[in-house]
Amino acid sequence: MTSRSTLTAWLAGLDAPRLSRVLGTRKDAVAPPEPCSMEELAERLLRPGSVALVLPQLPLPCLQVAETLAALKASLSRSALARALGATAPTAARELDAALEALADHALVWPDGDGNLHMAAPLRQAWDAPLGLDAPLEELLEGVTSEELRGMLVALGIKPPGTRQQRTAAVLEHHGDPQRVAAVIAKAPSAARQLLERQAKSAPQHTEFVVFGAPMADVPPGERWALDRGFLIRNRHGYGPARMPAEVTLALRGPDWRAPFDPVPPVAKLVPVPAVEVDREATAAATAFATHAVSVLSVCSAAPPARLKSGGVGARELGRIGKAAQTDDAVVRITLEIAHSVGLLGADGDRIAPTAVYDTWAAQEPAAQFADLLHAWWNLQFTPSQSRDEDDRSLAALAGVPRCSACLQARRGLLAAAATLPEGQSVQVGTDLGPLVAWHRPLAHPSFHDETPFAATVREAELTGVIARGALSRLGAALVTGDREELADACRRLLPEATRTARFGGDLTAVVTGTPSARLAELLDSTADRETSGTASVWRFSGDSVRRALDTGRAPDEISAELTAVADGPLPQPLSYLVADAARRHGRMRIAPAACVIHSDEPTLLAELAAHRALAALGLRQLAPTVLLSGSSPDKTLAALRDQGYAPVAEAADGTVRIEKAPPRRAAAVPAPRKATTKAGTGRSAHQTAKAPAAVDSSGLAVRLLATPPTVPEPDPLGTGGPFGTDTEEIVAGYAKQLTYTDVRQLAHAVDTGTAITVEYVAASGSRTVRTLSGLDLDPPYLEAWCHLRDAERVFTLSRIHGVMPPGHG
């Protein structure tokens, strides 16, 4: 039976609560919800993309059970699986049942009516060599000729039957008996036995390229003996390494070998921590982060950060924001990323500015503000505090980094690990949770520059108060449940209401305990300089800060009235004197815009110009009887005056009359031809002397030009000649705006055919690299591929691919 039919039958036999649980774990496959049959539901659950999304969410025991089923490539009974995993003891058996139950909840492994276990077919392809086993013998024998099968049977001492099918069955029967295989290998020559035992302990090696020429004539010592008996098999052309069938590997590992199964998480060293201390530290961290986040966004509202040409906010702007908000780079990056993800920030030309949603958000209480930010952080598919890439180059914030499900699962695994700690117990430091995270989410990976595993994720959780004193806080527990109302309630319990008054001191400072309200923060930011932020924020008034407020058009009495309204007492006399003194000095001199100045010793002439209607477009303004200001450039002003019959002259910067005679324009000198030089020992010129041009027959040249067909564009890889030969080409062209017509066709061709390609890639940091990619998987706007430069799987943004060339170039 197919996996679809067995899954359909299993789903049909579930009760409503169990089926609801399965659908809840696989929302990716069934959303948006719509009526469908069990057969259609099973087909959705078995889609390769849907299955691939589930794997990063699984803990280590579930992955180990799934890998064992994938390695054995056959339906197994639960007892046979337990023996393969060495989970026959009562405690281990219960852990195995729990893992199978979790896999069934995700519709990855399920039992049939006979009690045999089945798994989703796409899940088998998640491992290239599950448990270090190569393909089964039957698959490897597909390329073996009937005569070669006969030779194997003769070497094994078995009389070969007549047909190829019978010979294949005889070899399968012999190799399917582990004891017979082990007995034959035990009598093998020493070199052959050592070779086979060594290969059985190592992962199989697959060759991804074909070597042209004659097959390998020389083989390692002992390999010929193993090849003759089918214990090692080469492909039908004799190329590549010899492969060991899975049955032979299992026979050599012996009857006592068991697949790895670690149902119990690693033990962490715990220390007692009262819950009240966890809440106290979580409150302090959450309050500080919420205050800093409001400050960061307030700075962005007052002076939106500029975007780099390559996209994102660079280190200089991040430093400016951090200095103004009195917080570090990590908090600035986290705040910008999560605010952008929920629409509080958006691109506005060459800057990043708050949106209309920000105004609504800023008017909320700190608890509601923080709940929105924390929920956004929980669902980010990358690590927002990461400031360096894998090449240790600086990363810009808001640069549109590729999605990283492993980063998301690192966050999920951290909270899942912390949730398993006994009540009243915690790890000594947050980074001690790293091994537990690796057990709960084995497919999650730490950041590039983590000194300890998942240090960046732990740091973010501690900054937001999700992890405090090495334990899970109320905020973290609410995040794990996924309930927004519960999260909002936890934030209200931990974060105080916004502070709407400030305590003004005679030292020209204003102190606000807790999180200032949006109105209070805006007022103090506009009239004073913020010195510190956190559980208590401090602003300092100065002549310059009050002058900035006056520059916005506010009157001195208005400033004093606004500060008095938010003060928890009367304003100190020094602050009142400061405002009055700044107001007295404000505006004693004025600066007017001017593109040029017109001056003359004749006041009557300048008065005539200022009143001239035809010169109104110049924006003339008379400052003195002999001085006019013009809002237009000097050249435009000169031309306008001369058009009206006046005779002005232009002045240089030093007051002298500017000479307007333009020198005659001449072409650049043509360099003399380089003298030919002779390479030593060759007798030939390194550079040929240019020949004199021959007389040109213009009539004949015109005829030839008209008769010549237009230049034909470079043929596309597929030879279709159409604007888009495939859907892939149209998708690539829609996202890779930097590529030419030919480059788009070449890249699309590589995606469709699975061939390698070399591209010029511009990273988020702005650095350019040339990379050879293979195994391309298009997931717009991203391209997943194996990067030969990094020797690892990487995700590339299509818009950052600026060139394409055949593999091997660059």
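In this predicted model, three strands form an open sheet in the order β1-β3-β2, with antiparallel pairing. Its edge strands are β1 (76–77) and β2 (109–111), each of which pairs on one side only. Between β1 and strand β3 (residues 116–119), which run antiparallel, there are two bridges. If you would like a spot to zoom in on, try L76, which stands opposite L117 in β3. Helix α6 (residues 60–72) lies across β1, β2 and β3.

Now to another sheet. Here five strands make an open sheet ordered β20-β19-β18-β17-β21, again with antiparallel pairing. What is left without a neighbour in the sheet at β20 and β21? One side of each, because β20 (792–797) and β21 (801–805) stand at the edges with a single partner strand apiece. From one strand to the next, the twist averages 45 degrees.

β20 finds its partner in strand β19 (residues 782–787), and the two pair in the antiparallel sense over six bridges. Along this pairing, E784 stands opposite V795 in β20. Helix α35 (residues 741–753) packs on the sheet, where it touches β17 (757–762), β18 (768–779), β19 and β21.

For a handy side-by-side view, here are the two helices with their angles:

| Helix | Strands touched or crossed | Angle |
|---|---|---|
| α6 (residues 60–72) | β1, β2 and β3 | about 95 degrees to β3 |
| α35 (residues 741–753) | β17, β18, β19 and β21 | about 75 degrees with β21 |

Technical notes
Residues are numbered from 1 along each chain as its sequence is written. This is a predicted model: local features need pLDDT of at least 70, side-chain atom pairs count only at pLDDT 80 or more; totals for chains, interfaces and linings use all residues. Side-chain values use heavy atoms; hydrogens and water are left out. Two strands pair if DSSP finds at least two bridges between them. Helices (H or I, at least four residues) and strands (E, at least two) are DSSP runs, numbered from the N terminus. Contact means heavy atoms within 4.5 Å. Axes are lines fitted to C-alpha atoms, for helices over the stretch in contact, and angles run from 0 to 180 degrees between N-to-C directions.
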